[in-house]
Amino acid sequence: MLTNKTYIGGGITLRQIEMADCNARYVAWLNDPEVNQYLETRWNEQNLETVSEFVKFQRENDHSVLFAIRLSSDDRHIGNIKIGPINFHYNHADISYFIGEKDMWNKGIATNAINMICDFGFHELSLHRIEAGAYEKAVGSCKALEKNGFVREGVFRKQVMSGNEYMDSYHYGLLKSEYRKI
Ligand SMILES: CC(C)(COP(=O)(O)OP(=O)(O)OC[C@H]1O[C@@H](n2cnc3c(N)ncnc32)[C@H](O)[C@@H]1OP(=O)(O)O)[C@@H](O)C(=O)NCCC(=O)NCCS
């Protein structure tokens with residue numbers, strides 16, 4: 001699903017990802033155990049081909065949009081945030097995200113990017129509900145969702161694993177009426 005929508009604020013820019021963003025740095029993020037410990041991509045070794053295929057699919061399909069998160073100062077690609085799959089019958093969608101550049105963690109970037117993609121989902125896609133999942137130990141991710149008003153609606157006990165440890169997975173939801181621009 002192609003969109004030319006751009007969101008700018010809090011030092012970052014969200015723009016739909018481009019094939020030119022598929023490079024060794026992006027591959028290295030996904031193979032970094034610290035970055036991928038709560039990402040499902042970690043179950044397969046990532047390379048330029050897998051990443052390019054994924055980005056191509058995301059650009060061409062009709063039920064999701066993958067945005068690159070960039071630093072507004074120099075346009076550097078530092079992570080991704082995706083909305084989809086989108087359910088056009090019930091007008092809801094999932095979001096997922098990661099910040100690959102570790103020196104950019106803890107600067108409010110995920111919180112900000114989630115706020116921007118929810119703006120896109122509620123106002124451009126006319127969704128009425130957005131959902132996200134997070135591992136129990138993904139504290140930064142849970143906090144970024146909760147700071148955006150997401151409600152923890154479900155706990156799936158010991159559903160997932162990181163390292164050798166089973167842990168709960170949380171299901172979050174945000175309604176359009178609850179959305180506030182940061
Ligand atoms: C998790 C992740 C998305 C957080 O992104 P971020 O830009 O660092 O998050 P923010 O700066 O918006 O932080 C939101 C809150 O979480 C806190 N936080 C961030 N990382 C944290 C961590 N590892 N442990 C505890 N708290 C953390 C921040 O301090 C902030 O809290 P505060 O407002 O009370 O100070 C990022 O670290 C990341 O991409 N990690 C690897 C991939 C991943 O886990 N993705 C999520 C899959 S569900």
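Visitor: In what order do the elements of the protein chain run from the N terminus on?

Guide: The order is β-β-α-α-α-β-β-β-α-β-α-β-β, read from the N terminus. In total, the protein chain has five helices and eight strands. Please keep in mind that this is a predicted model.

Visitor: How are the strands of the sheet ordered?

Guide: The general idea comes first. Strands of a sheet pair through backbone hydrogen bonds, and the pairing is either parallel or antiparallel. In this structure, eight strands form an open sheet with mixed pairing, in the order 1-2-3-4-5-6-8-7. Strand 1 (6-9) and strand 7 (151-162) are at the edges; each has a single partner strand, so one side of each has no neighbour in the sheet. On average, neighbouring strands of this sheet are turned by 25° against each other, direction ignored.

Visitor: In which sense do strand 7 and strand 8 pair?

Guide: Strand 7 and strand 8 (residues 165-175) pair in the antiparallel sense, over eight bridges. As an example of residues facing one another, F156 stands opposite S169 in strand 8.

Visitor: Which strands does helix 4 lie across?

Guide: Helix 4 lies across strand 1, strand 2 (12-16), strand 3 (65-71), strand 4 (77-87), strand 5, strand 6 (129-135) and strand 8. Relative to strand 5, helix 4 runs at about 155°.

Visitor: Which residues come nearest to the ligand?

Guide: There are 21 residues around the ligand, and F98, A110, T111, G140 and K143 come nearest. Strand 5 (92-99), helix 4 (109-124) and helix 5 (139-147) each supply at least two residues of this shell. Helix 5 gives the most, with six residues. Sorted by class, the shell has 13 nonpolar, five polar and three charged residues.

Visitor: Which residues have a positive phi although they are not glycine?

Guide: Most residues other than glycine have a negative phi, and most peptide bonds are trans. Among the residues that depart from this here is D75, with phi near 70°. D75 is in the loop between strand 3 and strand 4. K158, also not a glycine, has a positive phi of about 45°, and K158 lies in strand 7.

Visitor: Where is there a cis peptide bond?

Guide: A cis peptide bond joins G84 and P85, with omega at about 0°. P85 belongs to strand 4.

Visitor: Are D75, K158 and R25 buried or exposed?

Guide: One counts the C-beta neighbours inside 10 Å; a residue with 12 or fewer is exposed, and one with 20 or more is buried. D75 has 10 such neighbours and therefore counts as exposed. K158 has 12, so K158 counts as exposed. R25, in helix 1 (residues 24-31), has 13 and therefore counts as partly exposed. Across the protein chain, buried residues make up 30% of the 182 residues.

Visitor: How far apart are R25 and L48 in sequence and in space?

Guide: R25 and L48 are 23 residues apart in sequence, while their C-alpha atoms are 9.7 Å apart in space. For the protein chain as a whole, one may look at contacts between residues at least 6 apart in sequence: 59% of these join residues at least 24 apart.

Visitor: What radius of gyration does the protein chain have?

Guide: The protein chain has a radius of gyration of 16 Å, which agrees with the value near 16 Å for a compact globule of 182 residues. Taken along the principal axes, the C-alpha atoms fill a box of roughly 40 × 40 × 30 Å.

How values were computed. Residues are numbered from 1 along each chain as its sequence is written. This is a predicted model: local features need pLDDT of at least 70, side-chain atom pairs count only at pLDDT 80 or more; totals for chains, interfaces and linings use all residues. A residue is near a molecule or strand if its C-beta atom, placed from the backbone, lies within 6 Å of it. Helices (H or I, at least four residues) and strands (E, at least two) are DSSP runs, numbered from the N terminus. Ala, Val, Leu, Ile, Met, Phe, Trp, Tyr, Cys and Pro count as nonpolar, Asp, Glu, Lys and Arg as charged, and the others, Gly among them, as polar. Two strands pair if DSSP finds at least two bridges between them. Axes are lines fitted to C-alpha atoms, for helices over the stretch in contact, and angles run from 0 to 180 degrees between N-to-C directions. Two residues are in contact if their C-beta atoms, placed from the backbone, lie within 7 Å. The radius of gyration is taken over C-alpha atoms; the globule rule is 2.2 Å times the number of residues to the power 0.38.
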